[in-house]
Amino acid sequence: MAKKSSSKQAAGAKARGGEKMHEVLLTILGSGPSVAAFQSMLQAQAANGLMYYNAVANQQKTNILGMAMTAMTVRFMLESGHSTEAESKKRARRAKA
């Protein structure tokens with residue numbers, strides 16, 4: 001009797017092993033579309049990240065260019081003899097004295 005029960009257990013184990021393999025194969029086949037969708041979303045996010053990177057880089061470049069132009073304008077004003085209001089007042093006081 002022990003042999004009959006052990007053979008039944010072995011047959012049951014083989015059936016369960018076959019069911020497990022069947023489940024694994026179905027899982028692999030069923031996950032194909034979701035993997036493709038995930039990769040598509042991942043690529044879209046990578047493109048989105050590059051877009052923001054380029055936007056920030058261009059903004060920083062524009063800011064640096066603006067600061068350089070401001071510095072050049074101030075330098076030009078100081079070198080060409082233009083003076084600030086405070087310097088004009090000092091000159092006026094000196095002229096009166």
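I'll start with one contact: Arg75 forms a salt bridge with Glu79, and their closest N and O atoms are 3.0 Å apart. Keep in mind that this is a predicted model. That pair is the one salt bridge the structure holds.

Where do Arg75 and Glu79 lie? Both are in helix H1, which covers residues 2-79. They are four residues apart, about one turn of the helix.

Next, the surroundings of that pair. Arg75 is exposed, with a relative accessible area of 56%. Glu79 is exposed as well, at 60%. Both values count as exposed because the cut-off for that label is over 50%.

Now the overall picture. The protein has two helices and zero strands. How many of the 97 residues count as buried, as a percentage? The figure is 0%. The protein exposes about 9000 Å², and carbon and sulfur atoms supply 65% of that area.

The second helix, H2, runs over residues 85-96, and Arg93 has its place there. Arg93 is exposed, with a relative accessible area of 58%.

Arg93 also belongs to a group. Which residues gather with Arg93 in a patch of positive charge on the surface? They are Lys90, Arg91, Arg94 and Lys96.

To recap: a salt bridge between Arg75 and Glu79, set within helix H1, and a surface patch of positive charge that includes Arg93, a residue of helix H2. The buried share is 0% of the 97 residues. That's what I have.

Key: Residues numbered from 1 in each chain as written. Predicted model: local features only at pLDDT ≥ 70, side-chain atom pairs only at ≥ 80, totals over all residues. Heavy atoms only, no water. Buried < 20%, exposed > 50% of the residue type's maximum accessible area, 1.4 Å probe, protein only. Areas by Shrake-Rupley, 256 points an atom, 1.4 Å probe, with all protein chains shown as cover. Salt bridge = Lys/Arg side-chain N within 4 Å of Asp/Glu carboxyl O. Patch = residues over 30% accessible without salt bridge, like charges linked within 9 Å, V, L, I, M, F, W, Y side chains within 5 Å. Lys, Arg positive; Asp, Glu negative; His and termini not counted. Charge placed at Lys NZ, Arg CZ, Asp CG, Glu CD.
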